[in-house]
Amino acid sequence: EITENITELKELDKSRQHARRFETVGRLASGIAHDFNNILQVINGHSEMLLESQKGNDKLMRSLDIILTSGQKASALTRQLLLFSRRQLGEFKKVNLGELISGMQKILSRMLGEDISLTTRFEDNGLCIEGDESQIEQIVMNLAINARDAMPEGGKINISTCFCEINESNRAAYPYMNLGSYICLRFSDSGCGIPQSILEHIFEPFFTTKESGRGTGLGLATVYSIIKQHRGYVVAESELNRGTEFILYFPLTDNQ
């Protein structure tokens, strides 16, 4: 009797379909973002000039200020679209994840507020990845914002890093990953969790469970896009009312 374990094949096919879907939406998003950005530059530029020339007109100044603020928010969204669509080239260099996240702790604590405790543990032993610091910071900030929103009454966030080796002996547990050495970044929260029916969709662009006006649906899509640019992998595990954990794998650089 011959049996075949098709779990690995299914995972690989699912991963390929996901990548193709992202590539298609990414090309569309990039084209829209570039055209939209040109329009915004005109709006924001003229708003700034009018604000300078109409300083005595308080009523008009308030309206111009609203226009400029909205334009700046739209510009920030455009930058996120370009980042998601991989049309912004990163400045890649040797990065130690533990050191990078340590440097973010103050800004993360301020953003999370007093009701959320942040603990960190870095066991990457000074090993480095080849990465773009600002993009990795974007990953951490996006995950932190999602975690904060999942814990409106407070809770806990844990961030840790460690060395991880994928080889023939443990490959069955990581069917979607290439063999090699990685730094594993774990980001977990004690929030409300994500239903299993939704979990497989969370990295899709414009998918959001937040109410209108609170989310663009690009946060986790951007996380997925950045980790792919770094030749890495990301998975999410969650249980309702018990929190969520994102596990990100960044390949080690050859030059340590």
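**Entry 1: salt bridges**

I began with Arg242, which in this predicted model forms a salt bridge with Glu239, the closest N and O atoms being 3.9 Å apart. I noted that the cut-off for such a pair is 4 Å, so I count this one as a salt bridge because 3.9 Å is within 4 Å. I then looked up how covered the two partners are: Arg242 counts as exposed, at 64% relative accessibility, whereas Glu239 counts as partly exposed, at 46%.

Next I turned to Glu123, which forms a salt bridge with Arg121, and here I wrote down 3.0 Å between the closest N and O atoms. Glu123 is partly exposed at 40% relative accessibility, and Arg121 is also partly exposed, with a relative accessible area of 49%. Arg121 is not called exposed because that word is kept for values over 50%.

A further pair that I looked up is Glu52 with Lys55, whose closest N and O atoms are 3.5 Å apart; both Glu52 and Lys55 are exposed. How many salt bridges are there by this rule? I found that the count comes to six, and the pairs in this entry are among them.

**Entry 2: cysteines**

I went on to Cys192, which I found in the loop between strand E5 (180–189) and helix H6 (196–199). Setting aside the neighbours within four places in sequence, I listed Ala150, Glu239, Leu240 and Asn241 as the residues in contact with Cys192. Glu239 is thus a name I had already written down, as the salt-bridge partner of Arg242. Asn241 lies 49 residues from Cys192 in sequence, yet the two C-alpha atoms are 4.3 Å apart in space.

Is Cys192 buried or exposed, or something in between? With a relative accessible area of 42%, Cys192 is partly exposed, while Cys128, at 14%, is buried. I put Cys128 among the buried residues because 14% is under the limit of 20%. A disulfide is a covalent bond between the sulfur atoms of two cysteines. I looked for such bonds and noted that the structure holds zero disulfides.

**Entry 3: the chain as a whole**

I counted seven helices and seven strands in the chain, and, reading from the N terminus, I wrote their order as α-α-β-α-α-β-β-α-β-β-α-α-β-β. The chain has 256 residues, and 39% of them count as buried. Among contacts between residues at least 6 apart in sequence, 76% join residues at least 24 apart. For the accessible surface I noted about 14900 Å², with 50% of this belonging to carbon and sulfur atoms.

**Entry 4: helix H1 and a nonpolar patch**

On the surface I looked up a nonpolar patch of about 420 Å², made by Ile32, Phe36, Ile39, Ile43 and Ile67. Which helix gives the most to this patch? Helix H1 (residues 7–53) does, with four residues, and Ile39 is found in this helix.

**Entry 5: helix H5**

For helix H5 (residues 133–149) I checked the length, and at 1.5 Å a residue the 17 residues should span 24 Å. The expected span uses one less than the number of residues, and the C-alpha atoms at the two ends of H5 are in fact 24 Å apart, which agrees. I then listed the buried residues of H5, which are Gln135, Ile136, Ile139, Val140, Asn142, Leu143, Ala144 and Ala147. An α-helix has 3.6 residues a turn, so residues three or four places apart point the same way. I kept this rule beside my list, where Ile136, Ile139 and Leu143 are among the buried names.

**Entry 6: helix H7**

My last stop was helix H7 (residues 219–229), where Ser225 has its place. How many of the eleven residues of H7 are buried? I noted nine, and H7 is therefore mostly covered. The buried ones are Gly219, Leu220, Ala221, Thr222, Val223, Tyr224, Ser225, Ile226 and Ile227. For Ser225 I wrote down a relative accessible area of 1%, and this residue is buried because the value is under 20%. Ser225 and Pro205 are 20 residues apart in sequence, and I noted 9.9 Å between their C-alpha atoms in space. Just after H7 I also marked Arg231, which takes a positive phi of about 60°.

Conventions: Residues are numbered from 1 along each chain as its sequence is written. This is a predicted model: local features need pLDDT of at least 70, side-chain atom pairs count only at pLDDT 80 or more; totals for chains, interfaces and linings use all residues. Side-chain values use heavy atoms; hydrogens and water are left out. A disulfide is a pair of cysteine sulfur atoms within 2.5 Å. Buried means under 20% relative accessible area, exposed over 50%, partly exposed in between (1.4 Å probe, protein chains only). Contact means heavy atoms within 4.5 Å. Accessible areas come from the Shrake-Rupley method with a 1.4 Å probe; for residues, only the protein chains shown count as cover. Patches are made of residues with over 30% relative accessible area and no salt bridge: like charges are joined within 9 Å, nonpolar side chains (Val, Leu, Ile, Met, Phe, Trp, Tyr) within 5 Å. A salt bridge is a side-chain nitrogen of Lys or Arg within 4 Å of a carboxyl oxygen of Asp or Glu.
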